[in-house]
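Thank you all for making time this morning. I would like to walk you through one model, taking a few places in turn, and I will pause where a question seems worth asking aloud.

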Amino acid sequence: MSTVRQALAALDREAAGRSMMDLAAELYPIRRSLTGDGVRATLERIARRIPLQVHELPTGTPVLDWTVPREWNPREAWIRDPSGRRVVDFADHNLHLVGYSVPVHRRLPLNELRPHLHSLPEQPDLIPYRTSYYDETWGFCLAHRLLASLREGEYEVLIDASLEDGSMTWGECLLPGSSSEEVLISSHVCHPQLANDNLSGIAVAVHLAEALARVPERRYGYRFLFAPGGIGAIAWLARNRDRLDSFRHGLIAANLGDGGAFHYKKSRRGDREIDRAVVAALAGLGEDLVTEDFFPFGYDERQYCSPGFDLPVGVLTRTPWGRYPEYHTSADDLSFIGAGALAGSLAAYLATAAALEEGPGAPASRPAAAEGGRKRASGRRYRNLEPFGEPQLGRRGLYGGLGGAGRKDFEIAMLWVLNQSDGEHSLDDIAQRSGLPPGVVGEAADALRDAGLLEELA
Ligand code: ZN
(Lines give C-alpha, C1' and ligand atoms only; values in the text may rest on other atoms or scores of the structure.)
Protein backbone atom coordinates (compact mmCIF):
# COMPACT_ATOMS: atom_id res chain seq x y z
CA MET A 1 0.00 0.00 0.00
CA SER A 2 1.65 3.16 -1.05
CA THR A 3 -1.09 5.67 -0.34
CA VAL A 4 -3.51 6.33 2.50
CA ARG A 5 -6.38 5.76 0.05
CA GLN A 6 -5.08 2.26 -0.62
CA ALA A 7 -4.67 1.62 3.11
CA LEU A 8 -8.32 2.56 3.55
CA ALA A 9 -9.37 0.16 0.78
CA ALA A 10 -7.34 -2.62 2.36
CA LEU A 11 -8.63 -2.04 5.90
CA ASP A 12 -9.78 -5.29 7.51
CA ARG A 13 -12.61 -3.84 9.56
CA GLU A 14 -13.34 -7.00 11.47
CA ALA A 15 -9.77 -7.49 12.66
CA ALA A 16 -9.33 -3.79 13.40
CA GLY A 17 -12.58 -3.68 15.38
CA ARG A 18 -11.52 -6.68 17.47
CA SER A 19 -8.10 -5.19 18.10
CA MET A 20 -9.58 -1.85 19.19
CA MET A 21 -11.95 -3.62 21.60
CA ASP A 22 -8.96 -5.53 23.01
CA LEU A 23 -7.05 -2.32 23.58
CA ALA A 24 -10.06 -0.65 25.19
CA ALA A 25 -10.49 -3.67 27.49
CA GLU A 26 -6.81 -3.58 28.41
CA LEU A 27 -6.97 0.12 29.31
CA TYR A 28 -10.41 0.06 30.95
CA PRO A 29 -9.42 -0.81 34.55
CA ILE A 30 -6.42 1.54 34.74
CA ARG A 31 -6.90 4.32 37.31
CA ARG A 32 -6.40 7.37 35.15
CA SER A 33 -6.70 11.00 36.17
CA LEU A 34 -5.23 14.33 35.14
CA THR A 35 -1.83 13.20 36.39
CA GLY A 36 -0.29 10.16 38.02
CA ASP A 37 0.66 6.57 37.45
CA GLY A 38 -2.61 5.73 35.66
CA VAL A 39 -1.72 8.04 32.79
CA ARG A 40 1.80 6.58 32.71
CA ALA A 41 0.46 3.00 32.64
CA THR A 42 -1.93 3.95 29.82
CA LEU A 43 0.88 5.49 27.77
CA GLU A 44 3.08 2.48 28.46
CA ARG A 45 0.37 0.22 26.93
CA ILE A 46 0.05 2.54 23.92
CA ALA A 47 3.83 2.52 23.49
CA ARG A 48 3.73 -1.24 23.03
CA ARG A 49 1.92 -0.59 19.75
CA ILE A 50 3.19 2.68 18.34
CA PRO A 51 6.39 4.73 18.84
CA LEU A 52 5.61 7.11 21.68
CA GLN A 53 7.59 9.92 23.20
CA VAL A 54 6.52 10.47 26.80
CA HIS A 55 6.83 13.93 28.35
CA GLU A 56 6.81 14.80 32.05
CA LEU A 57 6.31 18.41 33.10
CA PRO A 58 6.93 19.22 36.79
CA THR A 59 4.24 20.48 39.14
CA GLY A 60 4.25 24.27 39.31
CA THR A 61 5.49 24.83 35.76
CA PRO A 62 3.63 27.82 34.32
CA VAL A 63 1.81 26.94 31.08
CA LEU A 64 -0.06 29.78 29.36
CA ASP A 65 -2.43 31.16 32.02
CA TRP A 66 -2.21 27.96 34.09
CA THR A 67 0.17 26.01 36.29
CA VAL A 68 0.87 22.27 36.14
CA PRO A 69 -1.03 20.85 39.12
CA ARG A 70 0.20 18.53 41.83
CA GLU A 71 0.28 14.86 40.96
CA TRP A 72 -2.49 12.67 42.32
CA ASN A 73 -2.13 8.95 42.98
CA PRO A 74 -4.98 7.13 44.70
CA ARG A 75 -4.30 3.81 46.43
CA GLU A 76 -7.29 2.78 48.50
CA ALA A 77 -10.65 4.32 49.26
CA TRP A 78 -13.80 3.06 50.96
CA ILE A 79 -16.75 3.84 53.20
CA ARG A 80 -17.76 1.53 56.05
CA ASP A 81 -21.32 1.71 57.35
CA PRO A 82 -22.20 1.63 61.08
CA SER A 83 -22.03 -2.18 61.04
CA GLY A 84 -18.51 -2.10 59.62
CA ARG A 85 -19.48 -3.28 56.15
CA ARG A 86 -17.73 -1.63 53.19
CA VAL A 87 -20.67 -0.13 51.31
CA VAL A 88 -18.55 1.77 48.75
CA ASP A 89 -15.13 0.57 47.65
CA PHE A 90 -12.82 2.13 45.06
CA ALA A 91 -11.54 -1.40 44.41
CA ASP A 92 -14.93 -2.25 42.86
CA HIS A 93 -15.05 0.65 40.40
CA ASN A 94 -12.71 3.56 39.67
CA LEU A 95 -15.64 5.96 39.40
CA HIS A 96 -16.42 5.50 43.11
CA LEU A 97 -13.73 8.01 44.08
CA VAL A 98 -14.02 11.69 43.12
CA GLY A 99 -10.91 12.45 41.07
CA TYR A 100 -8.30 14.46 42.95
CA SER A 101 -9.84 13.70 46.34
CA VAL A 102 -7.52 14.69 49.17
CA PRO A 103 -6.58 11.99 51.72
CA VAL A 104 -8.94 11.53 54.63
CA HIS A 105 -9.52 8.99 57.40
CA ARG A 106 -12.26 9.77 59.85
CA ARG A 107 -15.53 8.72 61.42
CA LEU A 108 -18.55 10.90 60.86
CA PRO A 109 -22.35 10.74 61.03
CA LEU A 110 -24.31 10.22 57.82
CA ASN A 111 -25.52 13.84 57.67
CA GLU A 112 -21.90 15.04 57.59
CA LEU A 113 -20.91 12.41 55.06
CA ARG A 114 -23.80 13.17 52.73
CA PRO A 115 -22.37 16.37 51.16
CA HIS A 116 -19.39 14.24 50.05
CA LEU A 117 -21.58 11.67 48.27
CA HIS A 118 -22.61 12.08 44.62
CA SER A 119 -25.33 10.11 42.85
CA LEU A 120 -27.76 10.39 39.96
CA PRO A 121 -31.36 10.34 41.21
CA GLU A 122 -32.60 10.08 37.61
CA GLN A 123 -30.36 7.07 36.88
CA PRO A 124 -30.44 5.38 40.28
CA ASP A 125 -28.35 2.33 39.34
CA LEU A 126 -25.42 4.18 37.78
CA ILE A 127 -22.27 5.62 39.34
CA PRO A 128 -21.53 9.17 38.15
CA TYR A 129 -18.09 10.46 37.16
CA ARG A 130 -16.94 13.45 39.19
CA THR A 131 -13.64 15.25 39.62
CA SER A 132 -12.46 18.15 41.73
CA TYR A 133 -9.19 19.17 40.16
CA TYR A 134 -9.04 22.75 41.33
CA ASP A 135 -11.03 22.65 44.60
CA GLU A 136 -9.41 20.84 47.46
CA THR A 137 -12.04 18.41 48.68
CA TRP A 138 -12.89 14.72 48.79
CA GLY A 139 -15.87 12.64 47.80
CA PHE A 140 -17.38 9.40 46.63
CA CYS A 141 -19.74 8.56 43.78
CA LEU A 142 -22.31 5.81 44.12
CA ALA A 143 -25.59 4.51 42.80
CA HIS A 144 -28.50 6.58 44.06
CA ARG A 145 -30.32 3.42 45.11
CA LEU A 146 -27.45 2.59 47.44
CA LEU A 147 -27.26 6.15 48.77
CA ALA A 148 -30.98 6.11 49.54
CA SER A 149 -30.59 2.86 51.47
CA LEU A 150 -27.87 4.12 53.84
CA ARG A 151 -29.09 4.26 57.43
CA GLU A 152 -28.23 6.80 60.10
CA GLY A 153 -25.22 6.17 62.26
CA GLU A 154 -21.50 6.63 62.29
CA TYR A 155 -19.56 5.93 59.11
CA GLU A 156 -15.85 5.41 58.63
CA VAL A 157 -14.23 6.93 55.55
CA LEU A 158 -10.77 6.23 54.21
CA ILE A 159 -9.07 7.80 51.22
CA ASP A 160 -5.44 6.81 50.96
CA ALA A 161 -4.06 8.95 48.14
CA SER A 162 -1.12 11.21 47.56
CA LEU A 163 -1.54 14.72 46.20
CA GLU A 164 1.94 16.19 46.01
CA ASP A 165 4.54 17.75 43.79
CA GLY A 166 5.36 15.46 40.92
CA SER A 167 4.62 15.93 37.26
CA MET A 168 2.02 15.79 34.53
CA THR A 169 2.50 13.22 31.80
CA TRP A 170 1.56 13.10 28.13
CA GLY A 171 2.61 11.11 25.10
CA GLU A 172 3.21 11.98 21.47
CA CYS A 173 3.66 9.77 18.44
CA LEU A 174 5.02 11.45 15.33
CA LEU A 175 4.91 9.71 11.97
CA PRO A 176 6.98 12.02 9.77
CA GLY A 177 5.80 12.88 6.26
CA SER A 178 7.61 14.10 3.18
CA SER A 179 6.77 17.70 4.09
CA SER A 180 7.26 19.44 7.43
CA GLU A 181 3.52 20.09 7.63
CA GLU A 182 1.63 18.12 10.24
CA VAL A 183 -1.81 16.79 11.03
CA LEU A 184 -2.69 16.71 14.73
CA ILE A 185 -4.85 13.91 16.15
CA SER A 186 -5.62 14.60 19.79
CA SER A 187 -7.17 12.29 22.41
CA HIS A 188 -7.55 12.88 26.11
CA VAL A 189 -6.21 10.22 28.48
CA CYS A 190 -7.59 11.35 31.84
CA HIS A 191 -10.86 9.46 32.27
CA PRO A 192 -10.85 6.56 34.70
CA GLN A 193 -12.81 3.58 33.45
CA LEU A 194 -15.08 5.13 30.84
CA ALA A 195 -15.21 3.44 27.45
CA ASN A 196 -16.82 5.65 24.84
CA ASP A 197 -15.75 8.97 26.32
CA ASN A 198 -12.09 8.29 26.27
CA LEU A 199 -11.00 4.76 25.41
CA SER A 200 -12.75 4.69 22.02
CA GLY A 201 -10.81 7.81 20.99
CA ILE A 202 -7.52 6.37 22.19
CA ALA A 203 -8.19 3.04 20.44
CA VAL A 204 -9.05 4.68 17.12
CA ALA A 205 -6.05 7.03 17.32
CA VAL A 206 -3.64 4.17 18.05
CA HIS A 207 -4.99 2.08 15.17
CA LEU A 208 -4.96 5.05 12.84
CA ALA A 209 -1.29 5.55 13.69
CA GLU A 210 -0.62 1.87 13.02
CA ALA A 211 -2.39 2.03 9.68
CA LEU A 212 -0.67 5.27 8.59
CA ALA A 213 2.73 3.95 9.68
CA ARG A 214 2.38 1.24 7.04
CA VAL A 215 1.92 3.82 4.27
CA PRO A 216 5.31 4.83 2.88
CA GLU A 217 4.09 7.78 0.82
CA ARG A 218 2.73 10.34 3.20
CA ARG A 219 2.72 14.00 2.40
CA TYR A 220 1.93 15.08 5.95
CA GLY A 221 3.52 14.22 9.21
CA TYR A 222 0.91 12.84 11.64
CA ARG A 223 1.27 13.78 15.27
CA PHE A 224 -0.84 11.83 17.77
CA LEU A 225 -1.24 13.51 21.12
CA PHE A 226 -2.37 11.54 24.16
CA ALA A 227 -2.72 14.11 26.92
CA PRO A 228 -4.95 14.82 29.90
CA GLY A 229 -7.89 17.02 28.91
CA GLY A 230 -7.65 20.76 29.44
CA ILE A 231 -4.35 21.30 31.23
CA GLY A 232 -2.59 18.68 29.04
CA ALA A 233 -3.53 20.45 25.82
CA ILE A 234 -2.65 23.80 27.42
CA ALA A 235 0.80 22.47 28.37
CA TRP A 236 1.33 21.00 24.91
CA LEU A 237 0.37 24.32 23.27
CA ALA A 238 2.68 26.21 25.61
CA ARG A 239 5.60 23.90 24.78
CA ASN A 240 4.95 23.99 21.02
CA ARG A 241 4.04 27.62 20.66
CA ASP A 242 6.83 28.44 18.22
CA ARG A 243 5.99 25.64 15.82
CA LEU A 244 2.18 25.72 15.67
CA ASP A 245 2.34 27.13 12.15
CA SER A 246 3.34 23.68 10.89
CA PHE A 247 -0.04 22.26 11.96
CA ARG A 248 -2.18 22.37 8.84
CA HIS A 249 -5.10 20.28 10.07
CA GLY A 250 -6.30 18.67 13.27
CA LEU A 251 -8.98 16.45 14.74
CA ILE A 252 -10.04 15.59 18.26
CA ALA A 253 -10.90 11.90 18.60
CA ALA A 254 -13.46 10.84 21.25
CA ASN A 255 -16.85 9.15 21.51
CA LEU A 256 -16.15 6.83 18.58
CA GLY A 257 -17.44 3.48 19.82
CA ASP A 258 -21.19 3.98 20.29
CA GLY A 259 -23.68 3.09 17.61
CA GLY A 260 -24.70 6.66 16.78
CA ALA A 261 -24.23 8.60 13.55
CA PHE A 262 -21.07 10.62 12.99
CA HIS A 263 -21.00 14.22 14.17
CA TYR A 264 -18.45 16.77 13.08
CA LYS A 265 -17.95 20.00 14.97
CA LYS A 266 -16.20 22.44 12.69
CA SER A 267 -13.08 24.43 13.44
CA ARG A 268 -13.51 27.93 14.86
CA ARG A 269 -13.48 29.53 11.43
CA GLY A 270 -15.54 26.76 9.85
CA ASP A 271 -14.03 27.10 6.39
CA ARG A 272 -10.74 25.25 6.81
CA GLU A 273 -9.57 22.40 4.68
CA ILE A 274 -10.17 19.93 7.51
CA ASP A 275 -13.82 21.01 7.58
CA ARG A 276 -14.13 20.17 3.90
CA ALA A 277 -12.08 16.96 4.13
CA VAL A 278 -14.24 15.39 6.84
CA VAL A 279 -17.44 16.05 4.90
CA ALA A 280 -15.92 14.63 1.71
CA ALA A 281 -14.50 11.60 3.51
CA LEU A 282 -17.72 10.62 5.21
CA ALA A 283 -19.72 11.13 2.02
CA GLY A 284 -17.24 8.88 0.22
CA LEU A 285 -17.85 6.16 2.79
CA GLY A 286 -21.61 6.55 2.48
CA GLU A 287 -21.85 7.46 6.16
CA ASP A 288 -24.42 9.89 7.54
CA LEU A 289 -22.80 12.96 9.02
CA VAL A 290 -24.24 15.73 11.15
CA THR A 291 -22.11 18.87 10.97
CA GLU A 292 -22.23 21.57 13.61
CA ASP A 293 -20.70 25.01 13.89
CA PHE A 294 -17.99 25.63 16.42
CA PHE A 295 -18.87 26.50 19.99
CA PRO A 296 -16.26 27.31 22.63
CA PHE A 297 -16.77 24.46 25.11
CA GLY A 298 -16.45 20.69 24.92
CA TYR A 299 -13.06 19.01 24.53
CA ASP A 300 -9.68 20.54 23.82
CA GLU A 301 -10.94 22.53 20.85
CA ARG A 302 -11.57 25.14 23.53
CA GLN A 303 -7.77 25.42 23.77
CA TYR A 304 -6.67 24.77 20.16
CA CYS A 305 -9.39 27.08 18.84
CA SER A 306 -8.88 29.87 21.36
CA PRO A 307 -8.55 33.13 19.41
CA GLY A 308 -4.80 33.47 19.91
CA PHE A 309 -4.08 30.07 18.35
CA ASP A 310 -7.16 29.61 16.16
CA LEU A 311 -5.84 26.27 14.87
CA PRO A 312 -7.73 24.41 12.12
CA VAL A 313 -8.95 21.69 14.49
CA GLY A 314 -12.38 20.04 14.40
CA VAL A 315 -13.98 17.30 16.47
CA LEU A 316 -15.07 14.08 14.77
CA THR A 317 -17.19 11.85 17.01
CA ARG A 318 -20.16 9.56 16.81
CA THR A 319 -22.68 10.74 19.44
CA PRO A 320 -21.15 13.89 20.97
CA TRP A 321 -20.39 14.21 24.68
CA GLY A 322 -23.34 14.81 26.95
CA ARG A 323 -25.92 13.61 24.42
CA TYR A 324 -26.22 9.97 25.46
CA PRO A 325 -27.56 8.89 28.84
CA GLU A 326 -24.52 6.69 29.54
CA TYR A 327 -22.17 9.70 29.24
CA HIS A 328 -19.96 10.20 32.31
CA THR A 329 -21.55 7.29 34.16
CA SER A 330 -20.64 3.69 34.91
CA ALA A 331 -22.93 2.68 32.01
CA ASP A 332 -20.28 3.97 29.61
CA ASP A 333 -18.57 0.61 29.95
CA LEU A 334 -17.13 -1.89 27.48
CA SER A 335 -20.60 -3.20 26.59
CA PHE A 336 -21.59 0.29 25.43
CA ILE A 337 -18.97 0.32 22.66
CA GLY A 338 -18.69 -2.13 19.78
CA ALA A 339 -16.10 -3.44 17.35
CA GLY A 340 -18.20 -2.49 14.32
CA ALA A 341 -18.66 1.10 15.45
CA LEU A 342 -14.96 1.47 16.25
CA ALA A 343 -13.98 0.01 12.88
CA GLY A 344 -16.33 2.42 11.09
CA SER A 345 -14.77 5.28 13.04
CA LEU A 346 -11.26 4.17 12.10
CA ALA A 347 -12.36 4.09 8.44
CA ALA A 348 -13.75 7.63 8.82
CA TYR A 349 -10.43 8.90 10.17
CA LEU A 350 -8.44 7.07 7.49
CA ALA A 351 -10.72 8.46 4.78
CA THR A 352 -10.23 11.96 6.17
CA ALA A 353 -6.46 11.47 6.10
CA ALA A 354 -6.75 10.24 2.52
CA ALA A 355 -8.74 13.35 1.58
CA LEU A 356 -6.13 15.60 3.20
CA GLU A 357 -3.28 13.79 1.46
CA GLU A 358 -4.99 14.27 -1.89
CA GLY A 359 -5.25 18.01 -1.29
CA PRO A 360 -8.01 20.56 -1.40
CA GLY A 361 -10.87 20.16 -3.84
CA ALA A 362 -13.52 22.81 -4.29
CA PRO A 363 -13.25 25.53 -1.64
CA ALA A 364 -15.56 24.99 1.31
CA SER A 365 -18.65 27.12 1.33
CA ARG A 366 -18.34 30.18 3.51
CA PRO A 367 -19.76 29.50 6.97
CA ALA A 368 -23.00 31.22 7.85
CA ALA A 369 -21.54 32.14 11.24
CA ALA A 370 -18.98 34.44 9.67
CA GLU A 371 -21.70 36.68 8.28
CA GLY A 372 -22.50 38.17 11.66
CA GLY A 373 -18.87 39.11 12.16
CA ARG A 374 -18.62 40.92 8.85
CA LYS A 375 -21.72 42.96 9.52
CA ARG A 376 -19.99 44.70 12.43
CA ALA A 377 -23.17 45.15 14.37
CA SER A 378 -23.28 48.24 16.46
CA GLY A 379 -22.63 46.71 19.85
CA ARG A 380 -19.48 46.99 21.92
CA ARG A 381 -16.41 45.13 20.77
CA TYR A 382 -13.61 43.81 22.94
CA ARG A 383 -10.20 42.25 22.62
CA ASN A 384 -9.37 39.18 24.71
CA LEU A 385 -6.15 40.01 26.59
CA GLU A 386 -5.43 36.32 27.37
CA PRO A 387 -6.21 34.82 23.95
CA PHE A 388 -3.84 31.84 24.09
CA GLY A 389 -5.84 28.95 25.52
CA GLU A 390 -8.60 29.48 28.01
CA PRO A 391 -7.76 31.83 30.87
CA GLN A 392 -8.19 30.34 34.31
CA LEU A 393 -11.53 31.76 35.37
CA GLY A 394 -11.73 29.98 38.72
CA ARG A 395 -8.61 31.72 40.01
CA ARG A 396 -10.25 35.07 39.19
CA GLY A 397 -13.44 34.19 41.04
CA LEU A 398 -15.45 33.99 37.82
CA TYR A 399 -16.48 30.35 38.14
CA GLY A 400 -18.81 29.45 40.98
CA GLY A 401 -20.06 31.72 43.74
CA LEU A 402 -22.27 33.57 41.33
CA GLY A 403 -25.48 31.83 42.36
CA GLY A 404 -28.84 32.09 40.65
CA ALA A 405 -30.41 30.02 37.96
CA GLY A 406 -28.64 31.89 35.19
CA ARG A 407 -25.16 30.84 36.28
CA LYS A 408 -24.66 28.16 33.65
CA ASP A 409 -25.64 30.58 30.89
CA PHE A 410 -23.31 33.14 32.39
CA GLU A 411 -20.35 30.74 32.37
CA ILE A 412 -21.05 29.72 28.78
CA ALA A 413 -21.42 33.38 27.83
CA MET A 414 -17.95 34.08 29.26
CA LEU A 415 -16.48 31.33 27.06
CA TRP A 416 -18.23 32.76 24.01
CA VAL A 417 -17.08 36.30 24.74
CA LEU A 418 -13.48 35.19 25.32
CA ASN A 419 -13.44 33.07 22.16
CA GLN A 420 -14.97 35.64 19.85
CA SER A 421 -13.39 38.82 21.23
CA ASP A 422 -10.70 39.15 18.59
CA GLY A 423 -11.82 42.64 17.55
CA GLU A 424 -13.98 41.27 14.74
CA HIS A 425 -17.13 40.45 16.64
CA SER A 426 -19.39 42.74 18.64
CA LEU A 427 -21.35 41.57 21.67
CA ASP A 428 -24.45 41.60 19.46
CA ASP A 429 -22.72 39.24 17.04
CA ILE A 430 -21.74 36.97 19.93
CA ALA A 431 -25.28 36.93 21.32
CA GLN A 432 -26.63 36.09 17.89
CA ARG A 433 -24.14 33.34 17.19
CA SER A 434 -24.38 31.75 20.64
CA GLY A 435 -28.14 32.08 20.97
CA LEU A 436 -27.63 33.45 24.49
CA PRO A 437 -29.67 36.40 25.77
CA PRO A 438 -27.83 39.67 24.97
CA GLY A 439 -28.13 40.75 28.60
CA VAL A 440 -26.20 37.68 29.78
CA VAL A 441 -23.52 38.22 27.13
CA GLY A 442 -23.18 41.84 28.28
CA GLU A 443 -22.88 40.78 31.93
CA ALA A 444 -20.24 38.22 31.03
CA ALA A 445 -18.26 40.86 29.13
CA ASP A 446 -18.49 43.26 32.09
CA ALA A 447 -17.22 40.58 34.48
CA LEU A 448 -14.34 39.65 32.15
CA ARG A 449 -13.40 43.30 31.68
CA ASP A 450 -13.45 43.88 35.44
CA ALA A 451 -11.15 40.87 35.83
CA GLY A 452 -8.71 42.41 33.38
CA LEU A 453 -9.33 39.82 30.66
CA LEU A 454 -10.90 42.12 28.09
CA GLU A 455 -10.18 45.55 26.75
CA GLU A 456 -12.88 47.55 25.04
CA LEU A 457 -12.13 48.67 21.50
CA ALA A 458 -13.09 52.09 20.22
ZN1 ZN B 1 -15.46 13.38 29.46
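**The zinc site and beyond**

Let me begin with the metal: the zinc ion has as its protein donors His191 through NE2, Asp197 through OD and His328 through NE2, and these lie 1.9 to 2.1 Å from the ion. Please keep in mind throughout that this is a predicted model. Along the chain, the donors of the zinc ion follow the spacing H-x5-D-x130-H. Are His191 and Asp197 buried or exposed? His191 has a relative accessible area of 8%, which is under the 20% cut-off, and therefore counts as buried, while Asp197, at 0% relative accessibility, is buried as well.

Next, a residue in helix 7, which spans residues 231-239: this is Leu237. Its relative accessible area is 0%, so Leu237 is buried. Which residues does Leu237 contact, if we leave aside its neighbours within four places in sequence? The partners are Leu64, Leu244, Gln303, Tyr304, Phe309 and Leu311. His93, by comparison, is separated from Leu237 by 144 residues in sequence and by 33 Å in space, taken from C-alpha to C-alpha.

One of those partners of Leu237, namely Leu64, deserves a closer look for its backbone. Most residues other than glycine have a negative phi. Leu64, however, has a positive phi, near 50 degrees, and sits in the loop between strand 2 (62-63) and strand 3 (66-67). With a relative accessible area of 23%, Leu64 is partly exposed. Asp310 also has a positive phi, near 50 degrees, and is placed in the loop that runs between helix 9 (301-304) and strand 16 (313-317). Asp310, at 10% relative accessibility, counts as buried.

Finally, let me turn to a pair of helices. Two packed helices are described by the angle between their axes and the distance between the axes. For helix 8 (residues 273-285) and helix 10 (residues 339-358), the angle is about 125 degrees and the axes are 8 Å apart, and the two helices are therefore oblique to each other. The crossing in which helix 8 passes helix 10 is right-handed. On the helix 8 side, the residues that meet helix 10 are Glu273, Ile274, Arg276, Ala277, Val278, Ala281, Leu282 and Leu285, and on the helix 10 side they are Ala347, Ala348, Ala351, Thr352, Ala355 and Leu356. By character, the residues of this contact between helix 8 and helix 10 divide into 11 nonpolar, 1 polar and 2 charged.

How values were computed:
Residues are numbered from 1 along each chain as its sequence is written. This is a predicted model: local features need pLDDT of at least 70, side-chain atom pairs count only at pLDDT 80 or more; totals for chains, interfaces and linings use all residues. Side-chain values use heavy atoms; hydrogens and water are left out. Axes are lines fitted to C-alpha atoms, for helices over the stretch in contact, and angles run from 0 to 180 degrees between N-to-C directions. Helices (H or I, at least four residues) and strands (E, at least two) are DSSP runs, numbered from the N terminus. Angles under 35 degrees count as roughly parallel, over 145 as roughly antiparallel, 65 to 115 as roughly perpendicular and the rest as oblique. A crossing is left-handed if the near helix is turned anticlockwise from the far one by less than a right angle, and right-handed if clockwise. Contact means heavy atoms within 4.5 Å. Ala, Val, Leu, Ile, Met, Phe, Trp, Tyr, Cys and Pro count as nonpolar, Asp, Glu, Lys and Arg as charged, and the others, Gly among them, as polar. Donors are N, O and S atoms within 2.8 Å of the metal (3.2 Å for Na, K and Ca); water is not among the atoms, so sites may look incomplete. Buried means under 20% relative accessible area, exposed over 50%, partly exposed in between (1.4 Å probe, protein chains only).
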